[in-house]
Amino acid sequence: MVVAGGGWAGIAAAAELAARGASVTLLEAAGQLGGRARRVDWGDLSLDNGQHILLGAYQHTLALMARIGVDERNILLRLPLRLEVVRADGSRVDLRAPALPAPLHLAWAILRCRGLRPAARLRALRLCVHLLSSGFTVSEDHSVADWLAAHGQPPEVNEALWEPLCIAALNTPLREASARVFVNVLRLTFLRRRTDSDLLLPRRNLGDLLPEPAAAFIKRSGGRVQLGQRVTGLQIRNGRITGLDTTDGFLKADRVVLALPVVPSARLLGTHGSLASLAASLRDLRHEPVCTVYLRFPSAVDPGTPMLGLIGRTGQWLFDRRLTGQPGVVSVVISASGPHMSLDNPSLLKRVGDELAEVFPHWPTWDSGWVLREKRATFACSVGVDDKRPDHETPVQGLWLAGDFTSTGLPGTLEGAVSSGLQCARMLLADSTP
Ligand SMILES: Cc1cc2nc3c(=O)[nH]c(=O)nc-3n(C[C@H](O)[C@H](O)[C@H](O)COP(=O)(O)OP(=O)(O)OC[C@H]3O[C@@H](n4cnc5c(N)ncnc54)[C@H](O)[C@@H]3O)c2cc1C
């Protein structure tokens, strides 16, 4: 059996198959595993293609890491929920979850949130009560902006709380983002256990979190990992997959998990009549970018918190790279599309550098910087998107579809990718057709 695509979805599928004793080959077009969550090198620094953060609620991802022998404590810093944001005028909003059971911890955090007026906090709390009484569901999908307006959320709360959360989680602007998917994220994060809302910040590059230990695990378990091998076609006969065309030739396979991004998936599926409508539904998905700006200072800098929200600026979240053993380096994330995408890199570096100088006037001037733009970072989580997302099963026997864009109910996230890969592996193993 073959898994095509070595992002976190494909890695999860291949690791699960290998763990269950199946003979699996993982094919990846690039020279390394990881896909949209991978290590990149910048001079002497080992960075990521984009700053990532995980949540305590990422149960599939965390369980997979444990299964392949990765100790969470060595690679992630686990922090109880704390959201601190600084407004354009320098004032701060600070929300901290106390050690109470979920979802009381969220209610208490909102009630005691510093930097929001009492009336605003009460409105936010009322929305939490509504979420609880509705079982964290949205009957008819509409935009997060409309949903917040319908629940009387004041601009003060939207700006400091809901908007930064929505953009970070859905990578889609409020006026377009799906309220249904946003509420799914809130349910996953806040309803069950307090630790689900923990923030897990990488202490190593992304390659060390999953891709590299997973490759070693797959090989140890008897599987193969083939890098630099691109899938160029699917061979289908009598409604069954029979193999893959690759840059290294034809590979026979009667069971395949296709774990590629949306665009190459649609291209491969679109050449077969029975998969044409599936390919067409993939072409309906739009994408949103994520831009990460790394700045290096001549000496260590201290933002005072591992992660700081920046409101009313181009940069959205600032991360302290001392966590990854890189004092003097910070990363600034800008999710979703916006005017920053039409700035060239030197202008964007200057803009973000100037913004940080305003927030931290005592910091030295940065001396080098790097911009990483992932133009198709995630699918756009827009209103109604869940109706367009494909299932894992396809009309072709022996062919399953994995990836963050499949029907996981989650936005484009590591957890969505991993859970889709695991699900495909389980469906494949349960398939008893000869
Ligand atoms: C900058 C950035 C920041 C993000 N931040 C977060 C975050 O903080 N938290 C979070 O949970 N998620 C975050 N995400 C989303 C997360 O990274 C993705 O949801 C996840 O990595 C998607 O994994 P995937 O396996 O579905 O797809 P991909 O990672 O796209 O994997 C597909 C793989 O297929 C390979 N491939 C493509 N074509 C072929 C072919 N023809 N043959 C063989 N191989 C092929 C690709 O090289 C790639 O390795 C972020 C994404 C980006 C880009």
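# A quick tour of the model

Let's start at Asn 171, which sits in the loop between helix 7 and helix 8 (179-190). This is a predicted model, and Asn 171 has a positive phi of about 50° in it although this residue is not a glycine. From there, the tour goes to a second loop with a cis peptide bond, three pairs of packed helices, two open sheets of three strands and the shell of 36 residues around the ligand.

**Two loops to look at**

- Asn 171 comes up here again for its backbone: phi is positive, about 50°, and the residue isn't a glycine.
- To find Asn 171, look at the loop that links helix 7 (residues 155-170) to helix 8, which covers 179-190.
- Now for the other loop: Pro 103 lies between strand 8 (92-96) and helix 4.
- The bond leading into Pro 103 from Ala 102 is a cis peptide bond, and its omega is near -5°.

**How helices pack**

- A word on the terms: two packed helices are described by the angle between their axes and the distance between those axes.
- Helix 4 (residues 104-111) and helix 5 (residues 118-133) have axes that come within 9 Å and cross at roughly 165°.
- Because of that angle, helix 4 is roughly antiparallel to helix 5.
- The crossing of helix 4 and helix 5 is right-handed.
- Helix 5 also meets helix 7, and here the axes come within 9 Å and cross at roughly 65°.
- So helix 5 and helix 7 count as roughly perpendicular to each other.
- Helix 5 goes past helix 7 in a right-handed crossing.
- Helix 1 packs with helix 10 (residues 211-220) at an angle of about 30°, and their axes are 9 Å apart.
- That angle is why helix 1 is roughly parallel to helix 10.
- The crossing of helix 1 and helix 10 is left-handed.

**The sheet with strands 5, 9 and 6**

- As a reminder, strands of a sheet pair through backbone hydrogen bonds, in either a parallel or an antiparallel way.
- This open sheet has three strands in the order 5-9-6, and the pairing is antiparallel.
- Strand 5 (54-55) and strand 6 (76-79) stand at the edges with a single partner strand each, so each has one side without a neighbour in the sheet.
- Strand 5 and strand 9 (residues 199-202) run antiparallel and are joined by two bridges.
- If you want a spot to zoom in on, Leu 54 stands opposite Leu 200 in strand 9.

**The sheet with strands 11, 12 and 13**

- Here is another open sheet of three strands, with the order 11-12-13 and antiparallel pairing.
- Strand 11 (231-237) and strand 13 (249-252) are the edge strands, each pairing on one side only.
- Going from one strand to the next, the twist averages 25°.
- Strand 11 pairs with strand 12 (residues 240-246) in the antiparallel sense, over six bridges.
- Look for Ile 236 here, as this residue stands opposite Ile 241 in strand 12.

**Around the ligand**

- The shell around the ligand has 36 residues, and the ones that come nearest are Gly 5, Gly 7, Gly 35, Gly 50 and Thr 413.
- The elements that give two or more residues to this shell are helix 1 (8-19), strand 15 (287-296), strand 19 (368-379) and helix 15 (414-430).
- Sorted by class, the shell has 17 nonpolar, 13 polar and six charged residues.
- At least three shell residues come from each of two domains: domain 1 (2-44 + 57-76 + 203-285 + 385-430) and domain 3 (287-379).
- You've met helix 1 already: this contributor to the shell is the one that packs with helix 10.

Conventions:
Residues numbered from 1 in each chain as written. Predicted model: local features only at pLDDT ≥ 70, side-chain atom pairs only at ≥ 80, totals over all residues. Pairing = 2+ DSSP bridges. Helix = DSSP H or I, 4+ residues; strand = E, 2+ residues; numbered from the N terminus. Near = placed C-beta within 6 Å. Nonpolar A, V, L, I, M, F, W, Y, C, P; charged D, E, K, R; others polar. Domains from an automatic or database assignment. Axes fitted to C-alpha atoms, helices over the stretch in contact; angles between N-to-C directions. Parallel < 35°, antiparallel > 145°, perpendicular 65-115°, else oblique. Left-handed = near helix turned anticlockwise from the far one by under 90°.
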